[in-house]
Amino acid sequence: MRVNDLDTPALVIDLDRTEANIQRLQAYCDQHGLGLRPHIKTHKIPALAHQQLRAGAVGIACQKLGEVEVMLNAGIADILIPYNLVGQAKLERLARLARQGRLTVSVDHEVVARDMSRVLAAEGARVGALIEIASTIERAGVVDVAEVVRLAQLIDDLPALDWRGILMYPTNADNISLLDRAYRALRDAGLPPPVVSGGGSPFMLRQAEVPWLTEVRVGTYIFEDMTGVKGGYFSLDHCAATLLCTVVSAPTAERVILDGGSKTLTTEGGAPHGHIVEYPDAIIYKLNEEHAYTDVSRCPVKPTIGERVHVIPNHVCVAVNLHNVAYGVRGDEIVAVWPVAARGLVQ
Ligand SMILES: Cc1ncc(COP(=O)(O)O)c(C=O)c1O
């Protein structure tokens, strides 16, 4: 089967580029003695997670327990969940899953740690625990070094949690002083973090500059996307995931409509809503659910009805999450058809 035989819109993965992206970062991490722990939130496909592990990854990260379930069932045991798990239902589920693999979670507050340990202990389960430290994005994470030390001492004492270390997202090499100070304070308190987990694809090739780092956690690096290209972090030539779309209407000389709208590309990142590989001068300026409004006025040759184009999305992780199936291609040939097994698993 060839790409031309696919109905559209369709998620198409260039396997040569994907493998090159995996190898490039693995080589960097190997060179610097860092463990690479890919975050599967980007691809959500067990076969690609296995490929990352075969290349040398030390384990994977999942954001949701549903994703953990899929990956455990696919035979992947070492999984980090860098997210506070809150609520009885989630914690009971975590306890069940913790018996099937080597799970590590992150926590950023005493309440989260105590509740987790209580539910896990009642179920006879245990997990490793990292403390999330606040970063420049001011999302979750402990903001105070003394509090990090108190929480580490608590984790060390709690019956169902094993002290594993610290985590930050992203570790932007220009601003990780809190991570550095937290590490030193923990070491002085007799709890040196065995694991220091950082990451973020935009900063991936500077992770060796982050002091104490042991693991690099990255997701988008496997496909790259237009957000990273526009930010100057990624290259168009490395972008491996595209949405194959058909020109379904050409109402004027300036405007064509593609059959991939917000349900194919997402509206993340705003206009332009991705980059059309075959028509770099075209601009997708607006999306409805199933329509991409495309300005072709600057294109020397205009796309015509029935023509098919590849769109690199703005944010590849959320675009992949919209698709049931991914087609792995080499050149023109479809060599893999994968269910996006962990898509839509928001719990
Ligand atoms: C906690 C955490 N770790 C790692 C990642 C991976 O980031 P990136 O896709 O930039 O590599 C994310 C992305 O959202 C994240 O939230």
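This section describes the overall build of a predicted protein model and then a number of its residues.

The protein chain contains 10 helices and 17 strands. Its radius of gyration is 22 Å, which agrees with the value near 20 Å that a compact globule of 347 residues would have. Along the principal axes, the C-alpha trace extends over about 70 × 40 × 35 Å. Of the 347 residues, 54% are buried. Among contacts between residues at least 6 apart in sequence, 68% join residues at least 24 apart. The accessible surface of the chain is about 14,300 Å², and carbon and sulfur atoms account for 50% of this area. There are 33 positive and 40 negative side chains, and the centres of these two sets are 3 Å apart.

Two domains are assigned in the chain: domain 1 covers residues 15–223 and domain 2 covers residues 227–314. Their centres, taken over C-alpha atoms, are separated by 35 Å. Contact between the domains involves 11 residues of domain 1 and 8 residues of domain 2.

Helix α4 spans residues 88–98, and its buried residues are L91, R93, L94, A95, L97 and A98. The cover over these buried residues includes three strands and two helices, namely β4 (78–81), β5, β6 (127–133), α3 (65–73) and α5 (110–122). Residues from two of these covering elements, β5 and α3, are described next.

V105 belongs to strand β5, which runs over residues 102–107. With a relative accessible area of 0%, V105 is under the 20% cut-off and therefore counts as buried. Beyond its neighbours within four places in sequence, V105 is in contact with L80, I81, L85, L94, M116, V127, G128, A129 and L130. One of these residues, L94, is also among the buried residues of α4. V105 can further be placed relative to I79: the two residues are 26 apart in sequence, and their C-alpha atoms are 8.6 Å apart in space.

Helix α3 contains V68 and also M71. In an α-helix there are 3.6 residues a turn, so residues three or four places apart point the same way. V68 is buried because its relative accessibility is 0%, and M71 is buried with a relative accessible area of 0%. When residues up to four places away in sequence are not counted, V68 touches C62, I79, I81, L97 and L103. L97 in this list is one of the buried residues of α4. With the same exclusion of neighbours within four places, M71 is in contact with I40, K44, I45, P46, A49, I60, C62, I76 and I79. C62 and I79 thus appear among the contacts of V68 and among those of M71.

Separation in sequence and distance in space can be compared for these two residues of α3. V68 and A342 are 274 residues apart in sequence, with 8.6 Å between their C-alpha atoms. M71 and D16 are 55 residues apart in sequence, with 23 Å between their C-alpha atoms.

Some features of the backbone were also recorded. The peptide bond from T8 to P9 is cis, with omega near -5°. P9 is located in the segment before β1, a strand of residues 10–14. A cis peptide bond also joins A271 and P272, where omega is about -5°. P272 is found in the loop between α9 (262–265) and β12 (275–276).

Positive phi values occur in two glutamates. E138 has phi near 50°, a positive value in a residue other than glycine. This residue is in the loop between β6 and α6, the latter spanning residues 145–157. Its relative accessibility of 70% is over the 50% cut-off, so E138 counts as exposed. E224, likewise not a glycine, has a positive phi of about 60°. The loop that holds E224 lies between β9 (215–218) and α8 (226–231). Because its relative accessible area is 2%, E224 counts as buried. The two glutamates therefore differ in exposure, with E138 exposed and E224 buried.

Terms used:
Residues numbered from 1 in each chain as written. Predicted model: local features only at pLDDT ≥ 70, side-chain atom pairs only at ≥ 80, totals over all residues. Heavy atoms only, no water. Helix = DSSP H or I, 4+ residues; strand = E, 2+ residues; numbered from the N terminus. Buried < 20%, exposed > 50% of the residue type's maximum accessible area, 1.4 Å probe, protein only. Contact = heavy atoms within 4.5 Å. Rg over C-alpha atoms; globule rule 2.2 N^0.38 Å. Areas by Shrake-Rupley, 256 points an atom, 1.4 Å probe, with all protein chains shown as cover. Lys, Arg positive; Asp, Glu negative; His and termini not counted. Charge placed at Lys NZ, Arg CZ, Asp CG, Glu CD. Domains from an automatic or database assignment.
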